[in-house]
Amino acid sequence: MSQKNQSKQDDIKVIATNRKAYHDYFIEETIEAGIELKGTEVKSVRLGHVNLKDSFARVEDGEVFLYNMHISPYEKGNIFNVDPMRDRRLLLHRHEINRLAGYVQQKGYTLIPLKIYIKRGKIKVELAVAKGKKLYDKREAIAKRDAELEIKKKMKEYLR
């Protein structure tokens with residue numbers, strides 16, 4: 001296979017992102033996981049009918065499950081559609097699950113999905129080990145972002 005074809009296959013098409021996650025959490029580590037979907041859920045995800053807001057993952061009995069991720073029912077799916085808010089299993093290797101379980105057992109850490117995307121024809125979830133921000137951390141991040149925007153604005157005016 002040539003380099004051109006290989007890079008085309010590695011293209012990632014982002015379906016949905018959890019923008020609120022970066023505001024509410026400090027991201028410690030990320031990991032890519034497959035997701036177990038049923039029937040028409042795949043078609044609905046490919047159309048972009050996914051909402052990651054307020055979703056989280058939990059390690060239970062040696063498996064990782066994703067909760068509160070909403071996948072809208074496929075319009076042409078009729079009787080084959082499943083519950084949009086059902087729990088979905090994430091596909092990870094045993095050593096990855098053990099490492100995530102170790103993180104989550106520490107106080108304050110949680111697993112949250114950052115984005116869902118298509119890579120080489122497979123639907124993947126980017127899962128993050130995150131620690132919740134306090135209110136003053138959020139305010140600090142907003143102030144820093146505003147300062148950077150102000151600097152960019154002044155630089156733009158100065159360069160004219």
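**Figure 1. The accessible surface of the protein in this predicted model.** The accessible surface comes to about 10,900 Å². Carbon and sulfur atoms contribute 50% of that area. Of the 160 residues in the protein, 32% count as buried. If you would like a sense of scale, the C-alpha trace spans about 60 × 45 × 35 Å along its principal axes.

**Figure 2. Charged side chains of the protein.** Here you can look for 34 positive and 23 negative side chains. The centres of these two sets lie 4 Å apart.

**Figure 3. Helices and strands along the chain.** The protein has 5 helices and 9 strands. Following the sequence, you will meet them in the pattern α-β-α-β-α-β-β-β-β-β-α-β-β-α. Among contacts with a separation of 6 or more, 69% come from residues 24 or more positions apart.

**Figure 4. Arg-86 and the loop that holds it.** Arg-86 is found between strand S6 (70-71) and strand S7 (88-91), in the loop that joins the two. Although Arg-86 is in a loop, this residue counts as buried because its relative accessibility is 15%, under the 20% cut-off.

**Figure 5. The contacts of Arg-86.** Zooming in on the Arg-86 side chain, you will find that it reaches the backbone oxygen of Glu-36 at 3.5 Å. Glu-36 is also one of the residues in contact with Arg-86 once neighbours within four places in sequence are left aside. Leu-37, Lys-38, Glu-41 and Leu-66 complete that set of contacts.

Notes:
Residues are numbered from 1 along each chain as its sequence is written. This is a predicted model: local features need pLDDT of at least 70, side-chain atom pairs count only at pLDDT 80 or more; totals for chains, interfaces and linings use all residues. Side-chain values use heavy atoms; hydrogens and water are left out. Helices (H or I, at least four residues) and strands (E, at least two) are DSSP runs, numbered from the N terminus. Buried means under 20% relative accessible area, exposed over 50%, partly exposed in between (1.4 Å probe, protein chains only). Contact means heavy atoms within 4.5 Å. Accessible areas come from the Shrake-Rupley method with a 1.4 Å probe; for residues, only the protein chains shown count as cover. Lys and Arg count as positive and Asp and Glu as negative; His and the chain ends are not counted. The place of a charge is taken as NZ of Lys, CZ of Arg, CG of Asp or CD of Glu. A polar contact is a pair of N or O atoms within 3.5 Å; within protein, one must be able to donate a hydrogen and the other to accept it, and residues adjacent in sequence count only if both atoms are side-chain atoms.
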